[in-house]
Amino acid sequence: MFDNLSEKLDKALHTLRGHGQITEINVAETTKEVRRALLDADVNFKIAKEFTNRVKEKALGQDVLTTLQPGQLMVKIVKDELTQLMGGESEGINLSGTPSVILMSGLQGSGKTTFSGKLANYLKTKKTKKPLLVACDVYRPAAIDQLHVVGDQIGVEVYSDRENNDPVAIAKAGIDKAKAEGFNVVIIDTAGRLAVDEAMMTEISNIHSAIQPQETLFVVDSMTGQDAVNTAKAFNDVLNFDGVILTKLDGDTRGGAAISIKSVVDKPIKFIGTGEKMEAIDVFYPSRMADRILG
Ligand code: GDP
(Lines give C-alpha, C1' and ligand atoms only; values in the text may rest on other atoms or scores of the structure.)
Protein backbone atom coordinates (compact mmCIF):
# COMPACT_ATOMS: atom_id res chain seq x y z
CA MET A 1 0.00 0.00 0.00
CA PHE A 2 2.75 2.46 0.97
CA ASP A 3 6.23 2.67 -0.50
CA ASN A 4 8.96 1.82 1.86
CA LEU A 5 10.88 4.90 3.00
CA SER A 6 13.98 2.86 3.50
CA GLU A 7 14.05 1.93 -0.20
CA LYS A 8 13.35 5.50 -1.25
CA LEU A 9 16.20 6.81 0.85
CA ASP A 10 18.52 4.16 -0.54
CA LYS A 11 17.63 5.29 -4.03
CA ALA A 12 18.03 8.96 -3.23
CA LEU A 13 21.39 8.35 -1.61
CA HIS A 14 22.87 6.01 -4.19
CA THR A 15 25.25 8.75 -5.33
CA LEU A 16 26.73 8.80 -1.88
CA ARG A 17 28.26 5.37 -2.00
CA GLY A 18 32.00 5.64 -2.20
CA HIS A 19 31.97 9.00 -0.45
CA GLY A 20 32.71 9.06 3.23
CA GLN A 21 30.12 11.53 4.50
CA ILE A 22 26.56 12.63 4.10
CA THR A 23 26.74 16.08 2.51
CA GLU A 24 24.36 19.00 2.07
CA ILE A 25 23.49 17.91 -1.48
CA ASN A 26 22.47 14.35 -0.71
CA VAL A 27 20.67 15.40 2.45
CA ALA A 28 18.55 17.79 0.40
CA GLU A 29 17.53 14.89 -1.84
CA THR A 30 16.57 12.70 1.05
CA THR A 31 14.76 15.18 3.27
CA LYS A 32 12.24 15.56 0.47
CA GLU A 33 11.51 11.83 0.73
CA VAL A 34 11.34 11.95 4.52
CA ARG A 35 8.94 14.87 4.40
CA ARG A 36 6.76 13.11 1.84
CA ALA A 37 6.65 9.96 3.99
CA LEU A 38 5.56 12.00 6.99
CA LEU A 39 2.88 13.82 5.01
CA ASP A 40 1.67 10.47 3.64
CA ALA A 41 1.35 9.35 7.25
CA ASP A 42 -0.82 12.42 7.91
CA VAL A 43 1.69 14.35 9.97
CA ASN A 44 0.91 18.07 10.12
CA PHE A 45 2.85 20.00 7.41
CA LYS A 46 4.57 22.44 9.74
CA ILE A 47 5.64 19.66 12.08
CA ALA A 48 6.95 17.60 9.17
CA LYS A 49 8.98 20.57 7.99
CA GLU A 50 10.50 21.27 11.40
CA PHE A 51 11.23 17.61 11.79
CA THR A 52 13.06 17.27 8.49
CA ASN A 53 15.14 20.34 9.29
CA ARG A 54 16.24 18.68 12.51
CA VAL A 55 17.05 15.45 10.72
CA LYS A 56 19.04 17.42 8.17
CA GLU A 57 21.18 19.04 10.83
CA LYS A 58 21.77 15.71 12.50
CA ALA A 59 22.68 13.93 9.30
CA LEU A 60 25.11 16.49 7.96
CA GLY A 61 28.69 15.52 8.42
CA GLN A 62 27.90 12.10 9.86
CA ASP A 63 30.42 9.50 8.89
CA VAL A 64 28.88 6.71 6.91
CA LEU A 65 29.75 3.55 8.70
CA THR A 66 30.89 0.73 6.48
CA THR A 67 28.26 -1.56 7.94
CA LEU A 68 25.40 0.82 7.18
CA GLN A 69 24.40 2.00 3.73
CA PRO A 70 23.78 5.78 3.66
CA GLY A 71 20.07 5.16 3.17
CA GLN A 72 19.98 2.93 6.22
CA LEU A 73 21.89 5.51 8.23
CA MET A 74 19.34 8.16 7.29
CA VAL A 75 16.49 5.80 8.21
CA LYS A 76 18.14 5.23 11.58
CA ILE A 77 18.51 8.96 12.20
CA VAL A 78 14.89 9.55 11.17
CA LYS A 79 13.63 6.68 13.31
CA ASP A 80 15.58 7.78 16.39
CA GLU A 81 14.31 11.34 16.00
CA LEU A 82 10.72 10.18 15.51
CA THR A 83 10.93 7.97 18.59
CA GLN A 84 12.26 10.89 20.64
CA LEU A 85 9.56 13.15 19.27
CA MET A 86 6.86 10.72 20.41
CA GLY A 87 8.25 10.55 23.90
CA GLY A 88 11.05 7.99 23.92
CA GLU A 89 9.90 5.44 26.48
CA SER A 90 6.29 4.35 26.99
CA GLU A 91 4.50 5.83 29.99
CA GLY A 92 2.02 4.13 32.30
CA ILE A 93 -1.00 5.56 34.05
CA ASN A 94 -1.18 6.85 37.60
CA LEU A 95 -2.87 4.29 39.85
CA SER A 96 -1.87 5.87 43.14
CA GLY A 97 -5.28 6.93 44.47
CA THR A 98 -7.62 4.99 46.75
CA PRO A 99 -9.52 4.62 44.59
CA SER A 100 -7.61 5.81 41.50
CA VAL A 101 -10.01 7.86 39.44
CA ILE A 102 -9.56 7.89 35.68
CA LEU A 103 -11.62 10.36 33.64
CA MET A 104 -12.16 9.65 29.95
CA SER A 105 -12.66 12.56 27.55
CA GLY A 106 -13.04 12.91 23.79
CA LEU A 107 -15.51 13.35 20.96
CA GLN A 108 -18.47 11.06 20.37
CA GLY A 109 -17.37 8.07 18.33
CA SER A 110 -13.70 8.41 19.27
CA GLY A 111 -13.87 5.11 21.14
CA LYS A 112 -14.24 6.29 24.76
CA THR A 113 -16.76 3.69 25.88
CA THR A 114 -14.93 0.86 24.14
CA PHE A 115 -11.63 1.99 25.59
CA SER A 116 -13.10 2.37 29.09
CA GLY A 117 -14.00 -1.30 28.89
CA LYS A 118 -10.64 -2.28 27.45
CA LEU A 119 -8.80 -0.40 30.18
CA ALA A 120 -10.95 -1.92 32.93
CA ASN A 121 -10.28 -5.37 31.49
CA TYR A 122 -6.55 -4.65 31.15
CA LEU A 123 -6.25 -3.39 34.74
CA LYS A 124 -8.27 -6.32 36.05
CA THR A 125 -6.27 -9.01 34.26
CA LYS A 126 -2.76 -7.48 34.08
CA LYS A 127 -2.63 -5.44 37.27
CA THR A 128 -5.08 -7.45 39.41
CA LYS A 129 -7.12 -4.33 40.13
CA LYS A 130 -10.81 -4.16 40.96
CA PRO A 131 -12.26 -1.53 38.61
CA LEU A 132 -15.68 0.10 38.56
CA LEU A 133 -17.03 1.64 35.37
CA VAL A 134 -19.21 4.75 35.69
CA ALA A 135 -21.61 5.90 32.96
CA CYS A 136 -21.79 9.70 32.86
CA ASP A 137 -23.41 10.21 29.46
CA VAL A 138 -26.79 11.56 30.49
CA TYR A 139 -27.91 12.44 26.96
CA ARG A 140 -27.86 9.09 25.20
CA PRO A 141 -29.52 6.15 26.97
CA ALA A 142 -27.85 3.96 24.35
CA ALA A 143 -24.44 5.03 25.66
CA ILE A 144 -25.37 3.79 29.15
CA ASP A 145 -26.63 0.51 27.67
CA GLN A 146 -23.39 0.17 25.71
CA LEU A 147 -21.26 0.52 28.84
CA HIS A 148 -23.40 -2.12 30.58
CA VAL A 149 -22.90 -4.49 27.65
CA VAL A 150 -19.15 -3.89 27.81
CA GLY A 151 -19.13 -4.38 31.60
CA ASP A 152 -21.04 -7.68 31.28
CA GLN A 153 -18.60 -8.85 28.64
CA ILE A 154 -15.54 -8.36 30.84
CA GLY A 155 -17.16 -9.09 34.20
CA VAL A 156 -16.74 -5.55 35.56
CA GLU A 157 -19.51 -3.77 37.45
CA VAL A 158 -21.01 -0.63 35.93
CA TYR A 159 -22.54 2.20 37.95
CA SER A 160 -25.24 4.24 36.23
CA ASP A 161 -28.25 6.26 37.31
CA ARG A 162 -30.84 6.75 34.59
CA GLU A 163 -32.96 9.02 36.80
CA ASN A 164 -30.16 11.52 37.30
CA ASN A 165 -29.24 14.06 34.63
CA ASP A 166 -26.30 15.62 36.43
CA PRO A 167 -23.03 13.98 35.31
CA VAL A 168 -21.08 15.56 38.20
CA ALA A 169 -23.43 13.97 40.74
CA ILE A 170 -23.22 10.60 38.97
CA ALA A 171 -19.42 10.70 38.90
CA LYS A 172 -19.30 11.56 42.62
CA ALA A 173 -21.82 8.83 43.49
CA GLY A 174 -19.73 6.34 41.49
CA ILE A 175 -16.60 7.26 43.46
CA ASP A 176 -18.53 6.98 46.75
CA LYS A 177 -19.74 3.54 45.73
CA ALA A 178 -16.17 2.50 44.90
CA LYS A 179 -14.96 3.66 48.32
CA ALA A 180 -17.79 1.90 50.12
CA GLU A 181 -17.46 -1.36 48.22
CA GLY A 182 -13.71 -1.71 47.83
CA PHE A 183 -13.21 -0.91 44.14
CA ASN A 184 -9.69 0.50 43.73
CA VAL A 185 -10.01 1.99 40.24
CA VAL A 186 -12.91 4.09 38.94
CA ILE A 187 -13.13 4.67 35.20
CA ILE A 188 -15.54 7.46 34.30
CA ASP A 189 -16.96 7.43 30.79
CA THR A 190 -18.33 10.81 29.73
CA ALA A 191 -20.54 12.22 26.98
CA GLY A 192 -18.89 13.40 23.79
CA ARG A 193 -20.26 15.46 20.93
CA LEU A 194 -19.62 15.13 17.22
CA ALA A 195 -17.45 18.25 17.30
CA VAL A 196 -15.92 20.46 19.95
CA ASP A 197 -18.58 22.70 21.48
CA GLU A 198 -18.80 24.90 24.52
CA ALA A 199 -21.46 22.90 26.36
CA MET A 200 -19.40 19.71 26.18
CA MET A 201 -16.24 21.50 27.31
CA THR A 202 -18.04 23.14 30.24
CA GLU A 203 -19.50 19.80 31.29
CA ILE A 204 -16.25 17.83 31.17
CA SER A 205 -14.44 20.68 32.87
CA ASN A 206 -17.05 20.70 35.70
CA ILE A 207 -16.70 16.94 36.18
CA HIS A 208 -12.92 17.29 36.15
CA SER A 209 -12.79 19.99 38.83
CA ALA A 210 -15.40 18.27 41.00
CA ILE A 211 -13.70 14.88 41.15
CA GLN A 212 -10.02 15.80 40.59
CA PRO A 213 -9.04 12.54 38.90
CA GLN A 214 -5.57 11.04 39.22
CA GLU A 215 -5.57 10.55 35.49
CA THR A 216 -7.46 12.37 32.73
CA LEU A 217 -7.22 10.65 29.38
CA PHE A 218 -8.09 12.10 26.01
CA VAL A 219 -9.34 9.51 23.51
CA VAL A 220 -8.92 10.23 19.83
CA ASP A 221 -9.65 8.35 16.62
CA SER A 222 -6.35 8.00 14.74
CA MET A 223 -8.25 7.98 11.44
CA THR A 224 -9.32 11.62 11.87
CA GLY A 225 -5.92 12.96 10.77
CA GLN A 226 -5.44 16.70 11.09
CA ASP A 227 -8.72 17.17 12.97
CA ALA A 228 -7.32 15.00 15.73
CA VAL A 229 -4.75 17.69 16.47
CA ASN A 230 -7.29 20.51 16.76
CA THR A 231 -9.52 18.40 18.99
CA ALA A 232 -6.59 17.44 21.20
CA LYS A 233 -5.63 21.08 21.58
CA ALA A 234 -9.19 22.13 22.49
CA PHE A 235 -9.50 19.42 25.17
CA ASN A 236 -6.03 20.06 26.53
CA ASP A 237 -6.67 23.80 26.85
CA VAL A 238 -9.63 23.02 29.11
CA LEU A 239 -8.49 19.88 30.95
CA ASN A 240 -4.70 19.90 30.83
CA PHE A 241 -5.05 16.14 30.42
CA ASP A 242 -2.41 13.59 31.41
CA GLY A 243 -2.32 11.33 28.40
CA VAL A 244 -3.68 10.43 25.00
CA ILE A 245 -5.33 7.22 23.82
CA LEU A 246 -5.04 6.66 20.08
CA THR A 247 -7.81 4.37 18.84
CA LYS A 248 -8.58 2.53 15.61
CA LEU A 249 -4.96 1.92 14.72
CA ASP A 250 -6.10 -1.36 13.17
CA GLY A 251 -7.54 0.77 10.36
CA ASP A 252 -5.97 2.13 7.25
CA THR A 253 -3.81 4.80 8.85
CA ARG A 254 -0.10 5.23 9.28
CA GLY A 255 -0.65 6.91 12.63
CA GLY A 256 0.93 10.28 11.91
CA ALA A 257 -1.61 11.80 14.31
CA ALA A 258 0.60 10.44 17.09
CA ILE A 259 3.41 12.77 16.10
CA SER A 260 1.24 15.79 15.46
CA ILE A 261 -0.67 15.46 18.75
CA LYS A 262 2.47 14.91 20.79
CA SER A 263 4.11 17.94 19.15
CA VAL A 264 1.14 20.21 19.72
CA VAL A 265 -0.01 19.29 23.25
CA ASP A 266 3.21 17.70 24.52
CA LYS A 267 1.41 14.95 26.44
CA PRO A 268 2.35 11.27 26.26
CA ILE A 269 0.35 8.80 24.23
CA LYS A 270 -0.27 6.03 26.74
CA PHE A 271 -2.32 3.33 25.04
CA ILE A 272 -3.53 2.43 21.59
CA GLY A 273 -6.72 0.72 20.47
CA THR A 274 -6.30 -1.85 17.74
CA GLY A 275 -9.79 -3.28 17.26
CA GLU A 276 -13.33 -3.49 18.57
CA LYS A 277 -12.70 -6.43 20.91
CA MET A 278 -11.97 -5.90 24.59
CA GLU A 279 -8.51 -7.41 24.20
CA ALA A 280 -7.52 -4.99 21.42
CA ILE A 281 -5.52 -2.64 23.65
CA ASP A 282 -1.77 -2.10 23.72
CA VAL A 283 0.67 0.05 25.61
CA PHE A 284 2.00 2.75 23.26
CA TYR A 285 5.61 2.21 22.24
CA PRO A 286 7.15 5.22 20.44
CA SER A 287 9.71 3.11 18.57
CA ARG A 288 7.05 0.74 17.22
CA MET A 289 4.99 3.71 16.07
CA ALA A 290 8.07 5.17 14.38
CA ASP A 291 8.48 1.89 12.45
CA ARG A 292 4.84 2.03 11.41
CA ILE A 293 5.07 5.63 10.24
CA LEU A 294 8.22 4.93 8.25
CA GLY A 295 6.72 1.80 6.71
P1 GDP B 1 -17.55 6.81 22.09
O2 GDP B 1 -18.72 7.49 21.46
O3 GDP B 1 -16.36 7.74 22.18
O4 GDP B 1 -17.85 6.17 23.40
O5 GDP B 1 -17.07 5.67 21.07
P6 GDP B 1 -17.39 4.10 21.08
O7 GDP B 1 -16.60 3.42 22.13
O8 GDP B 1 -18.85 3.89 21.07
O9 GDP B 1 -16.75 3.68 19.68
C10 GDP B 1 -17.28 4.12 18.44
C11 GDP B 1 -17.11 3.00 17.42
O12 GDP B 1 -15.74 2.75 17.19
C13 GDP B 1 -17.71 1.67 17.88
O14 GDP B 1 -18.31 1.05 16.79
C15 GDP B 1 -16.50 0.87 18.36
O16 GDP B 1 -16.68 -0.52 18.21
C17 GDP B 1 -15.43 1.38 17.42
N18 GDP B 1 -14.08 1.30 17.98
C19 GDP B 1 -13.63 1.76 19.17
N20 GDP B 1 -12.29 1.55 19.31
C21 GDP B 1 -11.88 0.92 18.18
C22 GDP B 1 -10.60 0.42 17.70
O23 GDP B 1 -9.54 0.53 18.34
N24 GDP B 1 -10.61 -0.15 16.46
C25 GDP B 1 -11.76 -0.26 15.71
N26 GDP B 1 -11.66 -0.83 14.51
N27 GDP B 1 -12.94 0.19 16.12
C28 GDP B 1 -13.03 0.77 17.34
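**Ligand site and pockets of the predicted model**

Helix H5 (residues 112–126) provides the largest share of the shell around the ligand, namely 4 residues; helices (H or I, at least four residues) and strands (E, at least two) are DSSP runs numbered from the N terminus. The model is predicted, so that local features need pLDDT of at least 70 and side-chain atom pairs count only at pLDDT 80 or more, while totals for chains, interfaces and linings use all residues. Residues are numbered from 1 along each chain as its sequence is written, and side-chain values use heavy atoms, with hydrogens and water left out.

The ligand is surrounded by 16 residues, of which Gly-109, Thr-113, Thr-114, Asp-250 and Glu-276 come nearest; a residue is counted as near if one of its heavy atoms lies within 4 Å. By class, the shell holds 1 nonpolar, 10 polar and 5 charged residues. Here Ala, Val, Leu, Ile, Met, Phe, Trp, Tyr, Cys and Pro count as nonpolar, Asp, Glu, Lys and Arg as charged, and the others, Gly among them, as polar.

Oxygen atoms of the ligand lie 2.8 Å from a backbone N or O atom of Lys-112, 3.4 Å from a polar side-chain atom of Lys-118 and 3.2 Å from a polar backbone atom of Gly-275. On its own the ligand has 580 Å² of accessible area, and the protein covers 79% of this area (Shrake-Rupley method, 1.4 Å probe).

The space taken by the ligand is the largest pocket. A pocket is an open set of points on a 1 Å grid over the protein atoms alone, where a 1.4 Å probe fits, with protein on both sides within 12 Å along at least five of seven lines; lining residues have an atom within 4 Å of a point. The largest pocket contains about 360 Å³ of space, a volume being the space filled by probe spheres set on the points. Its lining comprises 23 residues, and Gly-109, Ser-110, Gly-111, Lys-112 and Thr-114 lie nearest the centre. H5 gives the most to this lining, with 5 residues, and helix H6 (141–154) also supplies at least two. The lining divides into 3 nonpolar, 12 polar and 8 charged residues.

The second largest pocket has a volume of about 150 Å³. Among the residues that line this pocket are Leu-107, Gln-108, Gly-109, Ser-110 and Asp-221. Strand E5 (215–221) and helix H9 (226–239) are the elements that give two or more residues to the lining of this second pocket, which has 5 nonpolar, 5 polar and 2 charged residues.

How values were computed. A polar contact is a pair of N or O atoms within 3.5 Å; within protein, one must be able to donate a hydrogen and the other to accept it, and residues adjacent in sequence count only if both atoms are side-chain atoms. A molecule sits in a cavity or pocket if more than half of its atoms lie within 2 Å of its grid points.
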